[in-house]
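Me: Before I use any labels for this model, I would like to see each one argued from its value and its cut-off. Could we go through them one by one?

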Amino acid sequence: MHIAILGKKPDGTLDLAPPVGNNREMGPSENERYVENIREELDAPGEWYLDAKEHWLYLMPSGTEAPPSNGFVASQLETLVRIVGVNQPVHDARLQNLSYRYAEPTFLKTEEPLLRSDWKFSRIGAVVIENAEHVELTDGEITESGGNGVVVNGHARHVGIRRNEIFEIGASAISFVGRPDAVRSPLFEYHESQPLTAIDRQAGPKSDNYPADSIAEDNLIHDNGFLEKQSAGVEIAMAAHITISHNSIYRLPRAGINIGDGTWGGHLIADNDVFDTVRETGDHGSFNSWGRDRYWHPDREEMDRRTLADRSLTALDAIEPIILRHNRWRCDHGWDVDLDDGASNYIIEDNLMLSGGLKLREGFDRTVRNNILLNNTFHPHVWFANSEDVFEHNIVMTAYQPIRITQWGKRVDNNLLPNQAALAQAHANGTDAHSVFGQPEFVAPEKGDYSVRPGSLAIRIGFKNFSMTDFGVRPERLRLRAEQPAYPLPLADTSAEDAAAIKSIAGMTVKSVTTAGEQSAAGLPEIAGVIVLTVDDTGLAAKAGLKPGDVILALPGDTGENTQAIKKAEDLIAEFQSRRWRHEVVVRVIRNQAPIDLRLTLPQ
């Protein structure tokens, strides 16, 4: 998030403007902050300060170099090229072989929430296209710009963004973003909700004020998001039938490709090479999507009631499937593919996932088949009872990591698991009756060829090899410049690793938060805290109101005492024992991604 410093208060503290950039109700970090354009902080080579009132630029040169004799370049234009129809759509325009530089930053301008995604957005870019049809932006270069590269706004049809290199800019490379007036029953912040009686029950868009039937193809996108961390290589929100194919996307602060909502699907994400992502954020993936469509409610129990009573609610916005086919993903700081918070109606097939595995949180009607999850696994999180999800014919290399899964969708079967323990765990969950375990026998992983050999057990479960050589950009000019991800070797079998210790106290079982999956499922700021696994109906924890899935983060102290943070299960037990003489404590838990304080009687 970005926050303007308005001045100093009489007590010396800062007077801060409301934050922009992030669409969640949370304050800034107390510890991780960065400030700019304060003259008193001009104290290191390469730093500069702009006095906008007096029109002076102060620069501390690097080393002994003199300032450039030809002066400095300062951007003055928010947008370099606008193709915007007035009264009727502009049509049949082509921009080719052009270089775009020095558009203004969107810093402190990202104030528009994109529905209930985590983003706020500015509809400013080096190139802006709106109310337009049959427009081509090809064979160009966008660099050294402070904001977005290409923004396709509102009504747009048959827009092609092809064979461009977009690099070293402040925000997203390519954005297809519709207008909220095209959305039925829109809401704009994560915690907002509306009663069922207020929801428009007609499926699909309300108007044609959104991008559709458009493509971003063969673009080289890298080293972006310098200023806007809520950014992506390609962003899609409030759009339909967008094709993202054969792009190479890497070195970004957040997702390579991000879909902000379920409106209205029909997208094809194919043949892309996306890696080295989520470099400056967390709980995200090389591909990330949210749902949070019109039926969505921040209280999970309310969502369960709604979707069990009327399953058709889940298809009012996500009306056509989104297809992720034959992409290569690598995220070392999150998931390779992360479908979060109700992202629904997906087909995910023939993808090579090199590091972070696959997460499906909540949501409906997702089919995952014939993928390779190298050195990682399947992460199902808090599914709905009637999700109808399918996971089949996939290769995973560690045991599944489910979180609060009581019903396993329509079908989880015919997969290759790494070892007998992983298969036994799956059987205990009621899945994978026809799955097998063993090594996949890749052909040449050191060269990036993860095809399986003809005798591999993967063939037995219906896995089919797919091409390993045609991910990313194809034009020679760009292909020679494009980087590729490192190719990991398969890790050794991890079946002998001990599971996290489960402990019992006060009528509940608990364990420490130890994985990024557990962090994400609870919406935690870090991998820390204690998950409540089970609660005895007649125990002290139940009487206090604790529920399975709660995460205990702290024990707030009584008057005059400091709050005691709880990082792991051992901390919780030690604190309970040291406070037994009080007979009860206040326990702070995270539930539905919000803090709640409960009063727990301690066992004597």
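Reply: Let us start with burial: a residue counts as buried under 20% relative accessible area, as exposed over 50%, and as partly exposed in between. The model is a predicted one, and the values discussed here are computed from it.

Me: Why is Asp-218 called buried?

Reply: Asp-218 has a relative accessible area of 6%, and the label requires a value under 20%, so Asp-218 is buried. Its place is in the loop between strand S15 (211-217) and strand S16 (220-222).

Me: What makes the backbone of Asp-218 worth a remark?

Reply: Asp-218 has a positive phi of about 60° although it is not a glycine. Most residues other than glycine have a negative phi. Asp-139 also has a positive phi, of about 55°, and is likewise not a glycine; this residue sits in the loop between strand S10 (125-138) and strand S11 (141-143).

Me: How do you know that the peptide bond from Thr-263 to Trp-264 deserves a label of its own, and which label is it?

Reply: That bond has omega near -5° and is cis, while most peptide bonds are trans. Trp-264 belongs to strand S21, and Thr-263 is one of the residues that line the largest cavity.

Me: What else lines the largest cavity, and how much space lies in it?

Reply: About 80 Å³ of space lies in the largest cavity, and its lining includes Arg-116, Arg-184, Arg-292, Asp-293, Arg-294 and Asp-317. The structure holds three cavities of 30 Å³ or more.

Me: Why does His-267 count as buried or exposed?

Reply: His-267 has 1% relative accessibility, so it counts as buried, the cut-off being under 20%. His-267 lies in the loop between strand S21 (264-265) and strand S22 (268-270). Leaving aside neighbours within four places in sequence, His-267 is in contact with residues including Ile-236, His-241, Ile-259, Pro-321 and Ile-323.

Me: Why is Leu-59 given a label between those two extremes?

Reply: Leu-59, in strand S4, has 34% relative accessibility and therefore counts as partly exposed, since that label covers values between 20% and 50%.

Me: What makes Leu-59 part of a surface patch, and which residues join it?

Reply: Patch members need over 30% relative accessible area, and Leu-59 has 34%. Leu-59 forms a nonpolar patch on the surface with Trp-48, Leu-50, Leu-57 and Phe-72, with about 490 Å² of accessible area together. Strand S3 (48-51) and strand S4 (56-59) each supply at least two residues of the patch.

Note on methods. Residues are numbered from 1 along each chain as its sequence is written. This is a predicted model: local features need pLDDT of at least 70, side-chain atom pairs count only at pLDDT 80 or more; totals for chains, interfaces and linings use all residues. Side-chain values use heavy atoms; hydrogens and water are left out. Patches are made of residues with over 30% relative accessible area and no salt bridge: like charges are joined within 9 Å, nonpolar side chains (Val, Leu, Ile, Met, Phe, Trp, Tyr) within 5 Å. Accessible areas come from the Shrake-Rupley method with a 1.4 Å probe; for residues, only the protein chains shown count as cover. A salt bridge is a side-chain nitrogen of Lys or Arg within 4 Å of a carboxyl oxygen of Asp or Glu. Helices (H or I, at least four residues) and strands (E, at least two) are DSSP runs, numbered from the N terminus. Buried means under 20% relative accessible area, exposed over 50%, partly exposed in between (1.4 Å probe, protein chains only). Contact means heavy atoms within 4.5 Å. On a 1 Å grid over the protein atoms alone, a cavity is a set of points where a 1.4 Å probe fits but cannot get out, and a pocket is an open set with protein on both sides within 12 Å along at least five of seven lines; lining residues have an atom within 4 Å of a point. Grid points are joined across faces, edges and corners, and a volume is the space filled by probe spheres set on the points.
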